[in-house]
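Welcome to a short set of exercises with worked solutions. Take a look at the model below, then work through the steps with us.

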Amino acid sequence: MVCDTYLSLSICHFKAHRMSRLTPTHELDSLVELIGTSPDGVGIDTIAQQWGAPIHRRTLQRRLALLVAQQRIEMLGDRRTARYRRMPSAAIRAQGDSHGG
């Protein structure tokens, strides 16, 4: 039947082109907290080691880039030697959120 074939192709196409998953806010918050423990900045390898759960390097890079775009952390140096440091405003914003403000 044409309909069954079309439906099967549509399902396969959907699975192959799923929307990317949203990163949970708590994961981003945890990354900011981890980075915040090193005032001089921390490299991606150290972040991956301290993360506590296995994470693909590319996934971590995307999350760090998102946090930089959100101005919650800053990247110091070039891509190869990049270190990440918590933005001072991120610490202030986190304190305001925890106090209901």
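**Exercise 1.** Which exposed residues does the face of α2 turned away from its buried side carry?

*Solution.* Before starting, note that this is a predicted model, where local features need pLDDT of at least 70 and side-chain atom pairs count only at pLDDT 80 or more, while totals for chains, interfaces and linings use all residues. Residues are numbered from 1 along each chain as its sequence is written, and side-chain values use heavy atoms, leaving out hydrogens and water.

Step 1: Find the helix, α2, at residues 25–36 (helices are DSSP runs of H or I with at least four residues, strands runs of E with at least two, numbered from the N terminus).

Step 2: List its buried residues: L28, L31, V32, L34 and I35 (buried is under 20% relative accessible area, exposed over 50%, partly exposed in between, with a 1.4 Å probe and protein chains only).

Step 3: Down the axis of α2, these buried residues fall within an arc of 165 degrees, so they line one face (the arc is that of the directions from the helix axis to the C-beta atoms).

Step 4: The face turned away from them carries T25 and H26.

**Exercise 2.** Find the residue with which E33 forms a salt bridge.

*Solution.* Step 1: Apply the rule: a side-chain nitrogen of Lys or Arg within 4 Å of a carboxyl oxygen of Asp or Glu.

Step 2: The partner is R86, with the closest N and O atoms 3.3 Å apart.

Step 3: Place the pair: E33 is in helix α2 and R86 in strand β3, 53 residues apart.

Step 4: Check accessibility: E33 is partly exposed at 44%, whereas R86 is buried at 17%.
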